[in-house]
Amino acid sequence: MTSQRIGVSTVRLVVNDEPHELEVDNRMSLLDLLRERLGATGTKKGCDHGQCGACTVLLGGRRVNSCLILAVAASGASVTTIEGVGDGTELHPLQRAFLEHDGYQCGYCTPGQICSAIAMIEEAAAGWPSAVSADVGAAKVSLDGEEIRERMSGNLCRCGAYVNIVAAIADVAGGRA
Amino acid sequence: MSVGEAVVRIEGRDKVTGAARYAGDIPVAGFAYGWVVQSTIARGRVSSVDDGEALARPGVLAVLHHGNAPRLGEADDATLLVLQDPRVPHLGWPVALVVATTAEEAREAAATLRIEYQVESHDAAFRAEHPRMYVPDHINPTYETETVKGDVDGALATAEVVVDATYTTPAQHNNPMEPHAAVAEWHDGRLTVHDSSQGAYAVKQALTRLFSLQPDAVRVVSEHVGGGFGNKGTARPHVVLAALGAAAVDRPVRVVLTRPQLYALTGYRTPIVQRVRLGAHRDGRLVALDHLASSQTSKVLEFTEQTALISRSMYASGALRTRHRVVALDVPTPRWMRAPGESPGSFALESAIDELAIACGVDPVELRIANEPESEPASGLPFSSRNLVACLREGARRFGWSGRDPRPALRRDGRWWRGTGVAAATYPARSNPSSASVTAEDDGRFTVRVTAADIGTGARTALTQVAADALQVPMSEVTVLIADSDFGPASVAGGSSGTASWSWAVVAACRDLLAQGAAAGTTAQANTGKAVAARPDLARHAYGAHFVEVAVDPHTGEVRVPRMLGAFAVGRIVNPLTARSQLIGGMTMGLSIALLEESTMDTRFGDFVNHDLANYHVAANADIQSIEAVFVDDPDDQLNPVGVKGLGEIGIVGATAALANAVWHATGVRHRDLPIRPDRVLNATYAV
């Protein structure tokens, strides 16, 4: 991560299975790197403060607010954005469920909701408890409505599509339980 | 028939794959980044701007301020006249724009600007008794400020039962998920803008005047819009700043506001104090209704929320008076936020009606039905349709209202006290003049063009359904292109008027094309201006009824909402899938403003202190449990060709009152101030 220029570093990232090496301003967030340098504008900026979840991506498979991560600090990591969650032509089951349940309106929070839900389902399968889990020692958490609502509360939706978002996620998570 | 079918959004795949492009996503070649610098004082003048250090920084292309920015022409809306003079009318007013080749450079350079002010004393303290409170000429948008029918004071003096209560609602911010963004590009004297807007044509009109251009020299596009709820309803300063910046540096400029910048620059709902006085017979029938609303505006632009409007159309009363007052303060300009007028107005009116029902010992559903008017109470106009009673009956049936024990504070469930509440809702069914065109393509398909905006409403999909039916073809043969001002004048996506207005123009164009034979290559155009104006005077409204169950923990002050059900009479439903979403979305925002939302003005500085999403709380997923919306039949042939009433706003109307009424039923404590915060619940409960 050294560079000839002051305030600039070389960052190596794998984004949606594609390797990238680029010089970035040390002040640049991972979110801005994705949007402004790679043109991956599916990831949205709603607050730039980690308060809304619109910029949620998967970093090494785990959900993160990409606005809170400096691009230089993410060097060497593998990132999956909304553009990379399907398998090219086929939609991810969560993407299909959001369509069927109308789990969005304006669509601005949607990429973050879907990335967040993908990781959230994995977290529950791995037994990570939430604030509403009755048994924090359980090997696996069953994702009922209350668990989904609690675990998805880092992703705000101002259009008020929560009811439909929960229905969409339950459809997919139910299939795994 | 496509209308009436539940259709997945046409742009849905783009939205779930990240392909949908919003204004800040548009990759205009060679653009630079504009960073908005806001005033740090509430009133005064900029005395100097030292940009020496900023201009010396790498990447910085320009620093615009009132001393060097290109001159603007005229504006209907003075909030758009930015960087034109040194006057600072409120905290957060734009005082400079830094343009640089990267966002990081622009932002850091902005931090080095040294801006000196001549500070003047300011007044940002709203109160209903403010000595400068006045009677405005009109209320938003063009309604009469006052209406009077009968002898209100006389009827109140002799009424058997009187309710006299004051209700307050705080400043609230729209907070769409997408902060306002625009990228502007000048080419051969023509201005092209991608803007996050609810009305591309309205923005084009504003820019045309501001930059003294010919109408065909400005194009505004809003491909996808990340919500707005009113605060993208007309041009906002960011788009003017982008165009000024682009003119100054001779390359495209993108301006994206930060979340905190929205709070002073894009509008909010004014704080409001309402006094409602009801006089009634002992059986609950009204003899007098008096509704007085006081709100604030800025010193830049007068905006008076039409808070008492709802009382002009809702209940029969021999004596009826509605009045508005406003005071101009050194504060940001309040504008539209979802159901301006009806949202706060219904909190007061529908809470007061609940208080009357309690005072009379009448069921609140039955009391509302007993006060059904035969014609619109204030105007005397006949209703085009009025199915409020059907909403109340159907909602009560589905919710399981019958047999409800009206007595408060009786239902304990562990630490929770449970209660239920009801409130009615109404919203004007507007249709505005619009234009549209339809072209029969060589391959047999059809292309519709209309400057509609889809801010999450499902307009693109609904208009495709409407056009397919009008052309008598399947939806798959119709492409609807929207949100490009080159398609001609059209209604804004506001006032719940969008689908009603645009579908009228689309149907007219499609019928004309068929009448002409629809030969390949032909285009038919329609403008509904005359047809809209020719409609008879009627009271056209949508209706609804909310039923809410709450659980209140009196020891923590927490209010949970296990159940909300709304029954709505909203004309013809074009797409039940997206229509339900809009209503549920409105109800969700209603819950949010009932319990959480409050912009707190620090009057010492004239600043909304909680200007981000960590401190201004909007409902999160865990705040929402069961919310359901159902439709009742609402045929109405006096609206527009499709029979659409619009449903973007009615879901929020009445929701706060139903919730507050349920909290009374749960606890015996009446909350007349929103939001119903835990501290208010705690203090009120312990005071009992």
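**Exercise 1. Find which residues touch the most other members of the largest nonpolar core, and which helix gives the most to it.**

Start with the core itself in this predicted model. A nonpolar core here is a set of buried Ala, Val, Leu, Ile, Met, Phe, Trp, Tyr and Cys residues joined through C-beta atoms within 7 Å. Buried means that 20 or more other C-beta atoms lie within 10 Å of the residue's own; 12 or fewer makes it exposed, anything in between partly exposed, with C-beta atoms placed from the backbone.

- Step 1: the largest core has 283 residues, and B:V98, B:A467 and B:V506 touch the most other members.
- Step 2: the top contributor is helix α12 of chain B (residues 498-516), with ten residues. Helices (H or I, at least four residues) and strands (E, at least two) are DSSP runs, numbered from the N terminus.
- Step 3: pick B:A467 and list its contacts, a contact being two C-beta atoms, placed from the backbone, within 7 Å. Not counting residues up to four places away in sequence, B:A467 touches B:V438, B:F446, B:V448, B:V478, B:V480, B:V506 and B:C510.

A word on bookkeeping: residues are numbered from 1 along each chain as its sequence is written, while chains are lettered from A and ligands numbered from 1 in the order in which they are written. Since the model is predicted, local features need pLDDT of at least 70 and side-chain atom pairs count only at pLDDT 80 or more, whereas totals for chains, interfaces and linings use all residues.

**Exercise 2. Work out why helix α3 of chain B counts as largely enclosed, and what covers it.**

- Step 1: α3(B) spans residues 103-112, and seven of its ten residues are buried, so the rest of the structure largely encloses it.
- Step 2: the buried ones are B:A103, B:E104, B:E105, B:A106, B:E108, B:A109 and B:A110.
- Step 3: look at the cover. From chain A it includes β2 (18-25) and α1; from chain B it includes β1 (32-38), α2 (52-56), β3 (60-65) and β5 (94-100).
- Step 4: check the record. An unreviewed UniProt entry annotates residues 17-121 of chain B as "domain: Aldehyde oxidase/xanthine dehydrogenase a/b hammerhead"; positions follow the numbering used here, feature names are shortened, and annotations may be inferred rather than shown by experiment. In the model, this span is 15% helix and 33% strand, and its end C-alpha atoms lie 51 Å apart.

**Exercise 3. Place B:H173: where does it lie, and is it buried or exposed?**

- Step 1: B:H173 sits in the loop between β8 (161-169) and β9 (181-187) of chain B.
- Step 2: it has 25 C-beta neighbours inside 10 Å, so B:H173 is buried.
- Step 3: setting aside neighbours within four places in sequence, B:H173 contacts B:L262, B:Y263, B:Y268, B:S599 and B:Y616.
- Step 4: for a long-range pair, take B:H173 and B:R335. They're 162 residues apart along the chain, with 9.7 Å between their C-alpha atoms.

**Exercise 4. Describe chain A as a fold, then split it into domains.**

- Step 1: chain A has five helices and five strands, in the order β-β-α-β-β-β-α-α-α-α from the N terminus.
- Step 2: its C-alpha atoms fill a box of roughly 55 × 35 × 30 Å along the principal axes.
- Step 3: the radius of gyration (over C-alpha atoms) is 17 Å, which agrees with the value near 16 Å for a compact globule of 177 residues; the globule rule is 2.2 Å times the number of residues to the power 0.38.
- Step 4: buried residues make up 53% of chain A.
- Step 5: an automatic or database domain assignment sets the bounds, giving domain 1 (8-84) and domain 2 (93-176) of chain A. Their C-alpha centres lie 22 Å apart, and the contact takes 14 residues from domain 1 and 13 residues from domain 2.

**Exercise 5. How many residues does each chain put into the contact between chains A and B, and which helix of chain A has the largest share?**

- Step 1: chain A puts in 48 residues and chain B 44 residues.
- Step 2: on the chain A side, α1 (30-37), α2 (93-100), α3 (110-125), α4 (145-151) and α5 (162-176) each supply at least two residues.
- Step 3: α5(A) has the largest share, five residues.
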